[in-house]
Amino acid sequence: RDSLRLERAALPPEPAFHPQPQGVIMFYESLFNPSIHRPVKACLTGAGEFGASFLFQAQGMPLLEVPAVCTRTVQRAVDAYENAGIPASKVRVCESAEDAKKAYADGFNVVVDSFEYIAGLPLDVLVESSGAPEASAAAAELAIERGMHVVMVSKETDSVVGSILARKAAERGLVYTTGDGDQPSLLIGLISWGRVLGMNIVGAGKSSEYDFIYDPARDMVLCPGQKQEIATPGMGSLWQFGDRPAEEVVGKRRAMLTSLSHRSVPDLCEMAVVANATGMMPDRPLFHAPVARIDEMPDLFCPKADGGLFDAPGRLDIFNCFRRPDEASMAGGVFIVVECKDKKSWQVLKAKGHPCSRNDRYAALYHPAHLLGVETGTSVLAAALMKHATGGGNLRPLCDLCGRAVRDLPKGTVLDMGGHHHTIDGVEGVLNPAAAIGPDAALPFYLLSHRTLCRDVPAGKLITLGDLDMPEESTLLRLRREQDKAFGLVK
């Protein structure tokens, strides 16, 4: 063991590794040519970071207008318009559908706190980014009823009822899709790109949001997103796999970093959305989630028979990007791992810097970043002008993100959802095969949001409908029941 340990000063010098974008590239100017298309009119729900970036970027797009925004805090929308270069004098806060209709006709940008007030305006697309599952589901359903396409950015909603909303849209000749700029849509597109090219995709996934940054000079690992710095004596010996099994090395890294979170609820939620769009499934309910360098992806996300982590090919997973301070981040990037069938071609690509496995059987292709609402306009234009879903056109319920108690939760506990990651205190996310909801069946995670327990739930138990005081007027619950029936999950 000592012979494998490297002193810090002996860590092999390497050039900084800077990932390059790979994946879906099209000539967008021919697809979305202002000389042959009229501008698309979109409305936005939610004016947080994602929504505000979409609103800002839309001002530079000749084919896109966003004349209406719905958000619970209307001042955020007014501020978002101002930050996008639209003065407050051109914005009108409205408190009814009649007021909104008049303001719109008078040329104002309309801001409301209820989507019903703008649902009757002549708009083409709803961009739903509120992150509030109940309100999001209701807005999407109403938009479809009123003839709007829906770009669903709220993955919380999509993970529960995306399939039925997509079917409702299709029945009306409309598009329901995830939005470019967020990982699900980008990964779905990358998987689709690989499949069209005839690639055998053995693994796919994303880098989790937070990098684990290794400083070899101090033998420390810093995770800025979790505001932790950990002493890791001997981590230098684990910097490279060498000739050791990949699973052994990542296991030792994990043992040194147990105080850090290696997965988050959004990671699982996003991969559930990808599973339902692509048919690829997680290898295990909580992923392997290794601490891994970018060039290690093809050694890890392949079948165990070839030294990887997967029980079978074609699985989804995530990893925590392990890098030096001088290396580029891949936090939030997406990837596919493909089989290298033509060894000569892949030897050439390997020489050009594409990560290949040690046995030269697999390679990783990836897109290292996502741009939030800055990119979402392509999904909006594709839906309105081409009736094309950038997030896939065959959604079906295959995977559920369910909620499991991590400690004893007494009767009367309110399962408040909140924080940047939309988590629920005392509840973890678990990925399961999709199943019909029922009194004793595991409930999708975001159906738990803001509900109250009607009985004690012990640690380790998946939370069910029978555990909750669930109002029957819930739109999310009704749509989920429709989805279960429509897709044959009800037995």
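**Entry 1. Largest pocket**

I began with the residue classes in the lining of the largest pocket, and I recorded 13 nonpolar, 20 polar and 13 charged residues. I note here that the model is a predicted one. I then looked up the volume of the largest pocket and found about 1,200 Å³ of space. The lining comprises 46 residues, and those closest to the centre of the pocket are Ser129, Ser130, Gly131, Ser154 and His422.

I next asked which helices each supply at least two residues of this lining. They are helix 2, helix 5 (133-145), helix 6 (155-171) and helix 9. Helix 5 gives the largest share, with five residues.

**Entry 2. Helix 5 against helix 13**

As helix 5 lines the largest pocket, I also looked up its packing with helix 13 (residues 475-486), and I noted an angle of about 60 degrees with the axes 8 Å apart. On the helix 5 side the contact is made by Pro133, Glu134, Ala137, Ala138 and Glu141, and on the helix 13 side by Thr475, Leu476, Arg478 and Leu479. I sorted the residues of this contact by class and obtained five nonpolar, one polar and three charged.

**Entry 3. Helix 2 against helix 12**

Helix 2 also supplies residues to the lining of the largest pocket. I found that helix 2 (residues 49-58) packs with helix 12 (residues 373-386) at an angle of about 70 degrees, their axes lying 7 Å apart. Helix 2 is therefore roughly perpendicular to helix 12. I recorded the crossing of helix 2 past helix 12 as right-handed.

Which residues of helix 2 meet helix 12? I listed Phe50, Ser53, Phe54 and Gln57 in helix 2, which meet Gly373, Val374, Thr376, Gly377 and Val380 in helix 12. By class, this contact has four nonpolar and five polar residues, and no charged ones.

**Entry 4. Helix 7 against helix 9**

I turned to helix 9, another contributor to the lining of the largest pocket. Helix 9 packs with helix 7 (residues 183-196) at an angle of about 35 degrees, and the two axes are 9 Å apart. I noted a right-handed crossing for helix 7 and helix 9. Helix 7 makes the contact through Gln183, Pro184, Leu187, Ile188, Ile191 and Arg195, while helix 9 does so through Glu270, Met271, Val273, Val274, Ala277 and Thr278. The class division of this contact is eight nonpolar, two polar and two charged residues.

**Entry 5. Cavities**

How many cavities of 30 Å³ or more does the structure hold? I found three. I examined the second largest cavity, which has a volume of about 40 Å³. Its lining consists of Asp158, Tyr176, Thr177, Thr178, Val273, Ala277, Gly391, Gly392 and Leu395. The elements giving two or more residues to this lining are strand 7 (176-178) and helix 9 (265-278). Strand 7 supplies the largest share, three residues.

I sorted the lining of the second largest cavity by class as four nonpolar, four polar and one charged. I cross-checked the lists for helix 9: Val273 and Ala277 appear in the lining of this cavity, and Val273 and Ala277 also appear in the contact with helix 7.

Notes. Residues numbered from 1 in each chain as written. Predicted model: local features only at pLDDT ≥ 70, side-chain atom pairs only at ≥ 80, totals over all residues. Heavy atoms only, no water. 1 Å grid on protein atoms, 1.4 Å probe; cavity = no way out; pocket = protein on both sides within 12 Å on 5 of 7 lines; lining within 4 Å. Points joined across faces, edges and corners; volume = space filled by probe spheres on them. Helix = DSSP H or I, 4+ residues; strand = E, 2+ residues; numbered from the N terminus. Nonpolar A, V, L, I, M, F, W, Y, C, P; charged D, E, K, R; others polar. Axes fitted to C-alpha atoms, helices over the stretch in contact; angles between N-to-C directions. Parallel < 35°, antiparallel > 145°, perpendicular 65-115°, else oblique. Left-handed = near helix turned anticlockwise from the far one by under 90°. Contact = heavy atoms within 4.5 Å.
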